[in-house]
Amino acid sequence: MFLFSKLIWIFGQPLSLVFLFFLFALVTGLVRWHATSLVSSAIAGLILFVTLYTTVGNYLLQGLEDRFVKPQDPASLQCMIVLGGAFENEVNTARHGIELNAGADRFVEALRLAQKFPQTRILISGGDGSISGIYEGDAAISARFFPKFGIGRDRLVEETTSRTTFENAMNTKELLASQGLSNCLLITSGYHMPRSVGIFRKLGIDVVPWPTDYRTDGRESLGFDFTQPSRNSQNLATAIREWFGLVGYYLAGRTSELYPG
């Protein structure tokens, strides 16, 4: 299942589809299937235009981010669960650092709460999600990250083996039971929260959704945008990947509903 999902995404993301349709157009053109070649080229061009020069990705991502609203800080806090996906694992493995990526807010928010609530336990769930499996995961790197900001490692609960969101939840459930923790905050990116909550609910794990790492301003509408094609492309890829996950997990019976909210 893990490898299958990786392969689906390699070929299913927008720019990969553009390449595959252009390649198909080239091949069909060489064998003189001109109509088929023209249609394939048109589809590739349309996907590329939508990906780079429209706000479709931003709009879809905003919908995911708006499913859960972050509450006000609680009066007290026993524990939080931080889902991995915030570190540059390849770079950190090679350089033994703590380089963060676009999802860094997951750990910045966890750090803020950990400093505000000194008794809080922090469960970090995240192994190496690459196909090769040769890199440090987020949980291992977090053991270097938090102590640099005065958070003792004794407060950390490290779940180092999960490669997917479903494995995050499965392995976290066992650790919560062994540590006697319950009703923790669930910290992950806003767009990733619907799928995460759906899986945790399905497994009977009570959590308080705590979204962070927002990529949109909450006022996106459908339209054209010729000013920032790289952002548009990235946000569309992120939104489509998340919807692949929502639909796939729902069909596999791994989430409580198609679009948790």
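**Reading helices, loops and buried residues**

Author: Let us start with a pair of helices: α2 and α3 are roughly antiparallel to each other. Keep in mind that this is a predicted model.

Reader: How do I read such a pair, and at what angle do α2 and α3 pack?

Author: Here is the general idea: two packed helices are described by the angle between their axes and by the distance between those axes. In this structure, α2 (14-30) and α3 (34-53) pack at an angle of about 160 degrees, and their axes are 8 Å apart. An angle over 145 degrees counts as roughly antiparallel, so that is the description for α2 and α3. Their crossing is left-handed.

Reader: Which residues of α2 and α3 meet?

Author: On the α2 side they are P14, L15, L17, V18, F21, F22, F24, A25, T28 and G29. On the α3 side you will find H34, T36, S37, S40, S41, I43, A44, G45, I47, L48 and T51. Sorted by class, this contact has 12 nonpolar residues, nine polar ones and no charged ones.

Reader: Now a second pair. At roughly what angle do α4 and α10 cross?

Author: Look at α4 (residues 56-65) and α10 (residues 229-251): their axes cross at roughly 45 degrees and come within 7 Å. That makes α4 oblique to α10. The crossing in which α4 passes α10 is left-handed.

Reader: Which residues of α4 take part in the contact with α10?

Author: From α4 come V56, G57, N58, L60, L61 and L64. They meet R231, N232, N235, L236, T238, A239, E242, W243 and L246 in α10. By class, the α4 and α10 contact has eight nonpolar, five polar and two charged residues.

Reader: Let me try a single residue. Is E220 buried or exposed?

Author: To answer that, look at the relative accessible area; under 20% counts as buried. For E220 the value is 16%, so E220 is buried. E220 sits in the loop between β5 (207-212) and α10.

Reader: And which residues is E220 in contact with?

Author: Setting aside neighbours within four places in sequence, E220 is in contact with N58, Y59, Q62 and R231. With R231 there is also a polar contact between the side chains, at 3.3 Å. You have met R231 already, as one of the α10 residues in the contact with α4.

Reader: What about S221: where is it, and what does it touch?

Author: S221 is also placed in the loop between β5 and α10. At 47% relative accessibility, S221 counts as partly exposed. Not counting residues up to four places away in sequence, S221 touches T55 and Y59. For a sense of distance, take S221 and F166: they are 55 residues apart in sequence, and their C-alpha atoms are 32 Å apart in space.

Reader: Which polar partner does the side chain of S16 have?

Author: S16 lies in helix α2. A polar atom of its side chain is 2.7 Å from the backbone oxygen of I10. S16 is buried, because its relative accessible area is 19%. Apart from neighbours within four places in sequence, S16 is in contact with I10 and F11.

Reader: How do I read a loop residue like R32, and what is its phi?

Author: Check the sign of the backbone angle phi, then the residue type. R32 is not a glycine, yet it has a positive phi of about 70 degrees. R32 is in the loop between α2 and α3, and at 66% relative accessibility it counts as exposed. Another case is H96, also not a glycine, with a positive phi near 60 degrees. H96 lies in the loop between α5 (89-95) and α6 (105-116), and it is exposed, with a relative accessible area of 60%.

Reader: Can we read a whole helix that way? How many residues of α7 are buried?

Author: Count residue by residue. In α7 (residues 138-145), six of the eight residues are buried, so the helix is mostly covered. The buried ones are D138, A139, I141, S142, A143 and F145. They pack against α5, α6, β2 (121-125) and β3 (156-159).

Reader: Which residues does L111 of α6 touch?

Author: L111, found in helix α6, touches F145, F146, F149 and I151, not counting residues up to four places away in sequence. F145 is one of the buried residues of α7. L111 is itself buried, with a relative accessible area of 11%.

Notes:
Residues numbered from 1 in each chain as written. Predicted model: local features only at pLDDT ≥ 70, side-chain atom pairs only at ≥ 80, totals over all residues. Heavy atoms only, no water. Axes fitted to C-alpha atoms, helices over the stretch in contact; angles between N-to-C directions. Helix = DSSP H or I, 4+ residues; strand = E, 2+ residues; numbered from the N terminus. Parallel < 35°, antiparallel > 145°, perpendicular 65-115°, else oblique. Left-handed = near helix turned anticlockwise from the far one by under 90°. Contact = heavy atoms within 4.5 Å. Nonpolar A, V, L, I, M, F, W, Y, C, P; charged D, E, K, R; others polar. Buried < 20%, exposed > 50% of the residue type's maximum accessible area, 1.4 Å probe, protein only. Polar contact = N/O pair within 3.5 Å; in protein donor to acceptor, adjacent residues only side chain to side chain.
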